[in-house]
Amino acid sequence: GTSGGTEPIWPTTGGTVTAHNAVLTVPSGSNRLYLCARDNVAVTNTYDSTADQFRVDSTAPTSPSITRTSSSPTLNAMVSFSLSATDTESSVTQMQFSCDNSSWSALEPYATTKSINITSLAGAGCTLASGNRSVYAKFWNGAGLESIVVSATVVYDVDLPTRTFTNSGGWYRSSTFPANTVSVQDALSGLSAARYAWTTSTADPSGITLSVCTGGEAISLTS
């Protein structure tokens, strides 16, 4: 390491230093601390030295990153992320996660990938709500310093598409519905398909699903 300054000669009591608290300013990286002792008859000023190595890292991890491995909307609460951070001195050793940037999960060993349940990660302030969800991460080094917080966005959609029938139940002069009478929307992940079917029955068609609505025509999608 780089050579540093020295302490003045310590006062002694009966020829013995019983305690001394030294405050030293040293550079980052590996350093060696030398302790020198001289007795009262050493006219040549010969020093007996012992050395001990210690390391200093005063810089937090840099370049933290969390990225979702897929950008597609999902209804699966377990989401996979790619992670990275850099520390050239004491290395990146631990990481934490949050759903609200306030409550944080327990520290865990640093890894470059992680699957997180964004609805139930313990201690991280996660909720069950659909929406554009943020997942936050921060990283720690071996000296106990933390990085800045970074985040990734997940479109989490467990809500059903919504539909609107304008003037539903009214009378029409022809068998063709007016434009915009039927509207289907999904504000989060958008629509991938929509169809309609019709029947002369007024009973509740609770059993009709997308897979069996094959007798109608495609609806203009609104997303």
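**Note on two sheets, a core and one disulfide**

1. Both C99 and C126 are buried, and these two cysteines are joined to each other by a disulfide with an S to S distance of 2.0 Å. The two cysteines come from distant parts of the chain, 27 residues apart, with C99 in the loop between β5 and β6 (108–109) and C126 in the loop between β7 and β8. The torsion about the S-S bond of C99 and C126 is about 65°, and the disulfide is therefore right-handed. A search of the whole structure finds one disulfide. The reader should keep in mind throughout that this is a predicted model.

2. The loops that hold the cysteines adjoin strands of an open sheet, and that sheet deserves a careful look. Four strands make it up, in the order β6-β5-β8-β9, and their pairing is antiparallel. Its edge strands are β6 and β9, each of which pairs on one side only. As general background, the strands of a sheet pair through backbone hydrogen bonds, and this may happen in a parallel or an antiparallel way.

3. Within this sheet, β5 and β8 run antiparallel and are joined by six bridges, one of which can be located by following Q96 to its bridge partner in β8, K138. On pairing with β9, β8 again takes the antiparallel sense, here over seven bridges, and A137 has V150 as its bridge partner in β9. Strand β8 is also mostly covered, since nine of its eleven residues are buried.

4. Is K138, a residue of strand β8, buried or exposed? The computed relative accessible area of K138 is 11%, and because the cut-off for a buried residue is under 20%, K138 counts as buried. Its side chain is joined to that of E146 by a polar contact of 3.2 Å. Leaving aside neighbours within four places in sequence, K138 is in contact with Q94, M95 and Q96, with W104, and with the run E146, S147, I148 and V149. The list thus includes both Q96, the bridge partner already named, and E146, the partner in the polar contact.

5. A second set of strands, three in number, forms an open sheet in the order β3-β4-β7, with antiparallel pairing. The edge strands here are β3 (62–68) and β7 (113–117), each pairing on one side only, and the twist from one strand to the next averages 30°. Five bridges join β3 to β4, and these two strands run antiparallel; as an example of the register, R68 has F81 as its bridge partner in β4.

6. Which residues touch the most other members of the largest nonpolar core? That core has 18 residues, and those with the most contacts to other members are I66, F81, L83, F97, I118 and F139. The elements giving two or more residues to the core are β4 (78–86), β5 (92–98), β8 (131–141) and β9 (150–156). Strand β4 belongs to the sheet of three strands, while β5, β8 and β9 belong to the sheet of four.

7. L83 gives a more detailed view of this core. When residues up to four places away in sequence are not counted, L83 touches S65 and I66, M95 and F97, the stretch Y110, A111, T112, T113 and K114, and F139. Among these contacts, I66, F97 and F139 are also named with L83 as residues that touch the most other core members.

Definitions and conventions. Residues numbered from 1 in each chain as written. Predicted model: local features only at pLDDT ≥ 70, side-chain atom pairs only at ≥ 80, totals over all residues. Heavy atoms only, no water. Core = buried A, V, L, I, M, F, W, Y, C linked by side-chain atoms within 4.5 Å. Buried < 20%, exposed > 50% of the residue type's maximum accessible area, 1.4 Å probe, protein only. Contact = heavy atoms within 4.5 Å. Pairing = 2+ DSSP bridges. Axes fitted to C-alpha atoms, helices over the stretch in contact; angles between N-to-C directions. Polar contact = N/O pair within 3.5 Å; in protein donor to acceptor, adjacent residues only side chain to side chain. Disulfide = S-S within 2.5 Å.
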